Amino acid sequence: MRIGEKRIFSTAAALGRLVTARVKLTGCLEAGQLAAKIRLLGNPEIIRNYELRGTTINLSAISVQSFRDQLDLKGGGDNITGWLVDKLKVYGGSSQLEKILQRIGISRSQLEQLLAEELLRQTNNLAAKTLVCSDKESAAALVQHQVKDFIELANLSEAGDADFVNFIANIMTKATQKHHPATAVHSGVVAFYSAEMAAAMGLSPDDKLFQRIKTAGLLHDIGKLGLDPDILDRPEPAPQEKLLLDEHLALSVYLLSEIRWLKNVVPIIQHHHDNKKNYPVWLREGELTAEARFGAKILIVADGFDGMTSKRPYKLARNVYSREQALAILGEEGCDRGALDALKSVIGKAEKHIYGLKINFSQNELTLVWYGIEHIIKKSVLPSEGGGQANPDADGYLRKERPLLWLLSGRQLIKENAAKFIADIKNEVMGRLNDENLLAKFTTMKAAAMDDLFMGVLFKILYRALKADERLNSNSFAKAARVIAYYSEDADPSRLAEVVDQLRLEEKQSSEEYFRWISLSLLGEDATQVPLVGEGAFVTAVDEIFAKAKANGLTD
């Protein structure tokens, strides 16, 4: 029974509770609708759960059904997934997801995050539980019972509903990102390499196997949700912890094998560690189709190569190998020669890596592999190759942000030294500050012991403003620079910090709009008008803080 339907209150009693709670009601409604909404809102549980005390509610803007749907979601506790399963069944299938989202007034990204957090709770410490099961059948049953609602949700996907498949994949990706960011980065890289290698080996992006290989790359480590992140980051785990780490592949298979549209993906994942002997024997057993064997060969190489060549929290420095060393080791392990040659071809392209994106990935898929692409931009387009910096903290921040800065720059895709790239950006900003007669002011701010990292954030904001001016013919740079200079003299440093927080827009980075902007930019399409975090929104934010600063005393 839904919260809010446990007791029926009279209209008068409900109205009395709303008056006592100082809830103001607006909106013109017919008598029947008005009474129904007053009775709903006047439920003490709704007043408490929705924190309605002292608020004003426009009754015209809500419907009784949408409010109850929202309340169901809020009261879903640990079974929001089951709630969504029931809603999709009632509404008519996976194609009705957007209609449900519109009705309950929640964004797709918000719902994905809620479901990701729930999936994390359901998979918590599963490796320790499956490891003590008597056989793999018992272990599989345990996992599948634990995530049964998620499996049922995934299986509601209607034939050809790629958008819903992307929704499910996004839930798993966000769960991975929240649980262990390094695994999300690795999964994105492996998906990217796998797609590029498959293309180099002659597969067309329209081929179903091509899509399966990409999906396998993205989800191959989903079983790590069942391990403690501390163990995943430990350079030298204890023997029992090693057993838990080796259990992650079995967990991936258990979790994914009951999702019908992944039936041809799971064998690729299951056999991507066949060149290792520390995993359960049963994972290497069974007959593979020619397609699954082809996909597994690619995934073995892509996974092993990124694992050996990338710095990770759990890896000692001595265990990070060069490209040449990694390829040699993979060859010694008996990896497929064709897959190794394809990888050599892919990494040999170096700065041309990203050109294949538009061919090999859809815009929605780029949102899933962004963490990996960001990593690859750092490794192959803008590698950090030393070079002394006068301001290492600020420059360090900017180097970390260089994939986003590169997208903002609109530069051609050529290999650049990261230090030179950051120096070019800073020179552009300082040149513009000089044009605005503000360079001396910013130099003074820097000399006044302003935090170096904070100066890096300011450079990023001003560079974004500079590029917004170029694209939208705005006056954002002058406005942002003058506001920053004005508030830097304020006795209360929180004023400037507040302005900077408004302009960073970083709280939007997990939103669909942010990733859509990233996707469009990587595909070379116009991303300036994307809401919330596109450059149009940035210009609006600058205009708002400039107007506020003028009201506070900033003079022209």
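Which residues in H19 meet which residues in H20? The first close-up below gives the answer, and the views after it visit other parts of this predicted model.

**Figure 1. Helices H19 and H20 pack side by side in opposite senses, roughly antiparallel.**
Helix H19 covers residues 323-332 and helix H20 covers residues 337-348. Their axes come within 11 Å and cross at roughly 170°, which makes H19 roughly antiparallel to H20, since an angle over 145 degrees counts that way. From H19, look for Arg323, Leu327, Leu330 and Gly331; they meet Leu340, Leu343, Lys344 and Ile347 of H20. Sorted by class, the residues of this contact are 5 nonpolar, 1 polar and 2 charged.

**Figure 2. Helices H13 and H18 meet at an oblique angle.**
Here is another helix pair to explore. Two packed helices are described by the angle between their axes and the distance between the axes. For helix H13 (residues 208-219) and helix H18 (residues 290-309), the angle is about 40° and the axes are 10 Å apart. The two helices are therefore oblique to each other, and H13 passes H18 in a right-handed crossing. On the H13 side you will find Leu209, Arg212, Ile213, Ala216 and Gly217, which meet Glu291, Phe294, Gly295, Ile298 and Leu299 on the H18 side. This contact has 6 nonpolar, 2 polar and 2 charged residues.

**Figure 3. Tryptophan 370 sits in the largest nonpolar core.**
That core has 155 residues, and the members touching the most others are Tyr193, Leu256, Trp370 and Leu522. Zoom in on tryptophan 370: leaving aside neighbours within four places in sequence, Trp370 is in contact with Ile377, Pro403, Leu407, Tyr514, Phe515, Ile518 and Leu522. A second, separate core has 12 residues, including Val23, Ile46, Leu52 and Ile57.

**Figure 4. Valine 143 is a buried residue of helix H9.**
Helix H9 spans residues 136-146. Valine 143 has a relative accessible area of 1%, so this residue counts as buried. Not counting residues up to four places away in sequence, valine 143 touches Leu126, Thr130, Leu251, Tyr254 and Leu255. Take a moment for the pairing with tyrosine 254: the two residues are 111 residues apart along the chain, yet their C-alpha atoms are separated by 6.4 Å.

**Figure 5. Arginine 22 and asparagine 437 have a positive phi.**
Most residues other than glycine have a negative phi. Arginine 22, although not a glycine, has a positive phi of about 55°. You can find arginine 22 in the loop between helix H1 (11-20) and strand S1 (24-26). Its relative accessibility is 57%, so arginine 22 counts as exposed. Asparagine 437 is not a glycine either, and its phi is positive at about 60°. This asparagine lies in the loop between helix H25 (418-435) and helix H26 (439-447). With a relative accessibility of 70%, asparagine 437 counts as exposed.

**Figure 6. The whole protein has 31 helices and 2 strands.**
Step back from the close-ups to place them in context. Of the 556 residues in the protein, 51% are buried. Among the contacts with a separation of 6 or more, 72% are between residues 24 or more positions apart.

Conventions. Residues numbered from 1 in each chain as written. Predicted model: local features only at pLDDT ≥ 70, side-chain atom pairs only at ≥ 80, totals over all residues. Heavy atoms only, no water. Axes fitted to C-alpha atoms, helices over the stretch in contact; angles between N-to-C directions. Helix = DSSP H or I, 4+ residues; strand = E, 2+ residues; numbered from the N terminus. Parallel < 35°, antiparallel > 145°, perpendicular 65-115°, else oblique. Contact = heavy atoms within 4.5 Å. Nonpolar A, V, L, I, M, F, W, Y, C, P; charged D, E, K, R; others polar. Left-handed = near helix turned anticlockwise from the far one by under 90°. Core = buried A, V, L, I, M, F, W, Y, C linked by side-chain atoms within 4.5 Å. Buried < 20%, exposed > 50% of the residue type's maximum accessible area, 1.4 Å probe, protein only.
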